[in-house]
Amino acid sequence: MNVYLAVLVLNPTEKQKYDDGTVPQVVGGGPHVVIASDDKQAAAKAMKYLPAEHEGKEDRVEVLVMPFRRAGA
(Lines give C-alpha, C1' and ligand atoms only; values in the text may rest on other atoms or scores of the structure.)
Protein backbone atom coordinates (compact mmCIF):
# COMPACT_ATOMS: atom_id res chain seq x y z
CA MET A 1 0.00 0.00 0.00
CA ASN A 2 1.16 3.50 -0.86
CA VAL A 3 0.22 6.99 0.28
CA TYR A 4 -1.30 9.42 -2.23
CA LEU A 5 -2.52 13.00 -2.19
CA ALA A 6 -5.79 13.52 -4.06
CA VAL A 7 -7.77 16.60 -5.11
CA LEU A 8 -11.28 16.63 -6.59
CA VAL A 9 -11.85 19.13 -9.40
CA LEU A 10 -15.37 19.87 -10.69
CA ASN A 11 -15.27 20.86 -14.35
CA PRO A 12 -18.01 23.17 -15.67
CA THR A 13 -20.37 22.15 -18.45
CA GLU A 14 -19.80 23.58 -21.93
CA LYS A 15 -22.86 25.79 -21.40
CA GLN A 16 -21.45 27.17 -18.13
CA LYS A 17 -18.09 27.85 -19.80
CA TYR A 18 -19.77 29.69 -22.68
CA ASP A 19 -22.48 31.57 -20.73
CA ASP A 20 -20.71 32.47 -17.50
CA GLY A 21 -17.03 31.84 -18.15
CA THR A 22 -17.10 29.35 -15.27
CA VAL A 23 -13.74 27.71 -14.55
CA PRO A 24 -12.95 24.36 -12.88
CA GLN A 25 -13.09 24.45 -9.09
CA VAL A 26 -11.67 22.33 -6.29
CA VAL A 27 -14.47 20.68 -4.31
CA GLY A 28 -14.50 18.71 -1.09
CA GLY A 29 -11.53 20.51 0.43
CA GLY A 30 -8.23 18.84 0.05
CA PRO A 31 -5.78 17.66 -0.77
CA HIS A 32 -6.81 14.42 0.90
CA VAL A 33 -4.43 11.71 2.04
CA VAL A 34 -5.43 8.32 0.64
CA ILE A 35 -3.82 4.93 1.21
CA ALA A 36 -4.17 2.66 -1.81
CA SER A 37 -2.36 0.04 -3.86
CA ASP A 38 -2.20 2.22 -7.01
CA ASP A 39 -3.30 5.57 -8.40
CA LYS A 40 -6.57 4.24 -9.82
CA GLN A 41 -7.61 2.86 -6.45
CA ALA A 42 -6.54 6.13 -4.81
CA ALA A 43 -8.78 8.08 -7.22
CA ALA A 44 -11.73 5.79 -6.47
CA LYS A 45 -11.22 6.16 -2.72
CA ALA A 46 -10.92 9.95 -3.02
CA MET A 47 -14.40 10.15 -4.55
CA LYS A 48 -15.84 9.57 -1.06
CA TYR A 49 -14.86 13.18 -0.32
CA LEU A 50 -17.24 14.51 -3.00
CA PRO A 51 -19.75 16.76 -1.18
CA ALA A 52 -23.42 15.80 -1.25
CA GLU A 53 -24.34 18.94 -3.23
CA HIS A 54 -22.29 17.61 -6.15
CA GLU A 55 -23.77 14.10 -6.22
CA GLY A 56 -24.93 13.27 -9.72
CA LYS A 57 -22.09 15.30 -11.24
CA GLU A 58 -19.51 12.51 -10.98
CA ASP A 59 -19.02 12.55 -14.76
CA ARG A 60 -17.65 16.12 -14.44
CA VAL A 61 -15.33 15.37 -11.51
CA GLU A 62 -11.65 14.90 -12.24
CA VAL A 63 -9.52 13.34 -9.51
CA LEU A 64 -5.91 14.51 -9.52
CA VAL A 65 -3.67 11.99 -7.74
CA MET A 66 -0.04 12.40 -6.76
CA PRO A 67 2.08 9.79 -4.96
CA PHE A 68 3.38 11.05 -1.64
CA ARG A 69 7.10 10.48 -1.29
CA ARG A 70 9.59 11.55 1.30
CA ALA A 71 12.02 14.24 0.09
CA GLY A 72 15.29 12.70 -1.08
CA ALA A 73 13.82 9.22 -1.33
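Good morning. Accessible areas, as I shall use the term, come from the Shrake-Rupley method with a 1.4 Å probe. On that basis, the accessible surface of this protein chain comes to about 5200 Å². Carbon and sulfur atoms account for 54% of that surface. Please keep in mind throughout that we are looking at a predicted model.

Let me describe the overall architecture. The protein chain has two helices and three strands. Read from the N terminus, these elements follow the order β-α-β-α-β. Along the principal axes, the C-alpha atoms fill a box of roughly 45 × 25 × 20 Å. The chain has 73 residues, and 25% of them count as buried.

How do distant parts of the sequence contribute to the contacts? Among contacts with a separation of 6 or more, 65% are between residues 24 or more positions apart.

A word on charge. The protein chain carries 9 positive and 10 negative charges, and the mean positions of the two groups are 8 Å apart.

I turn now to the surface. Which residues form a nonpolar patch there? They are Met1, Val3, Val33, Ile35 and Phe68, and together they have about 520 Å² of accessible area. One of them, Val3, lies in strand E1, which covers residues 2–10. Is Val3 buried, exposed or partly exposed? Its relative accessible area is 32%. Buried means under 20% and exposed means over 50%, so a residue in between is called partly exposed. Val3 is therefore partly exposed.

Next, consider the loop between helix H2, residues 39–46, and strand E3, residues 61–67, where Leu50 is found. Why does Leu50 count as buried? The reason is that its relative accessibility is 11%, and the cut-off for buried is under 20%. With neighbours within four places in sequence set aside, Leu50 is in contact with Leu8, Val27, Glu58 and Val61. Leu50 and Val7 are 43 residues apart along the chain, and their C-alpha atoms are separated by 9.9 Å.

His54 also has its place in the loop between H2 and E3. Is His54 buried or exposed? With a relative accessible area of 12%, His54 is buried. Which residues does His54 touch, if those up to four places away in sequence are not counted? They are Leu10 and Val27. Val27 thus appears in two sets of contacts, that of Leu50 and that of His54.

To close, I would ask you to find three residues in the structure: Val3, partly exposed in the nonpolar patch, Leu50, buried in its loop, and His54, buried in that loop as well. Thank you.

How values were computed. Residues numbered from 1 in each chain as written. Predicted model: local features only at pLDDT ≥ 70, side-chain atom pairs only at ≥ 80, totals over all residues. Heavy atoms only, no water. Patch = residues over 30% accessible without salt bridge, like charges linked within 9 Å, V, L, I, M, F, W, Y side chains within 5 Å. Salt bridge = Lys/Arg side-chain N within 4 Å of Asp/Glu carboxyl O. Helix = DSSP H or I, 4+ residues; strand = E, 2+ residues; numbered from the N terminus. Buried < 20%, exposed > 50% of the residue type's maximum accessible area, 1.4 Å probe, protein only. Contact = heavy atoms within 4.5 Å. Lys, Arg positive; Asp, Glu negative; His and termini not counted. Charge placed at Lys NZ, Arg CZ, Asp CG, Glu CD.
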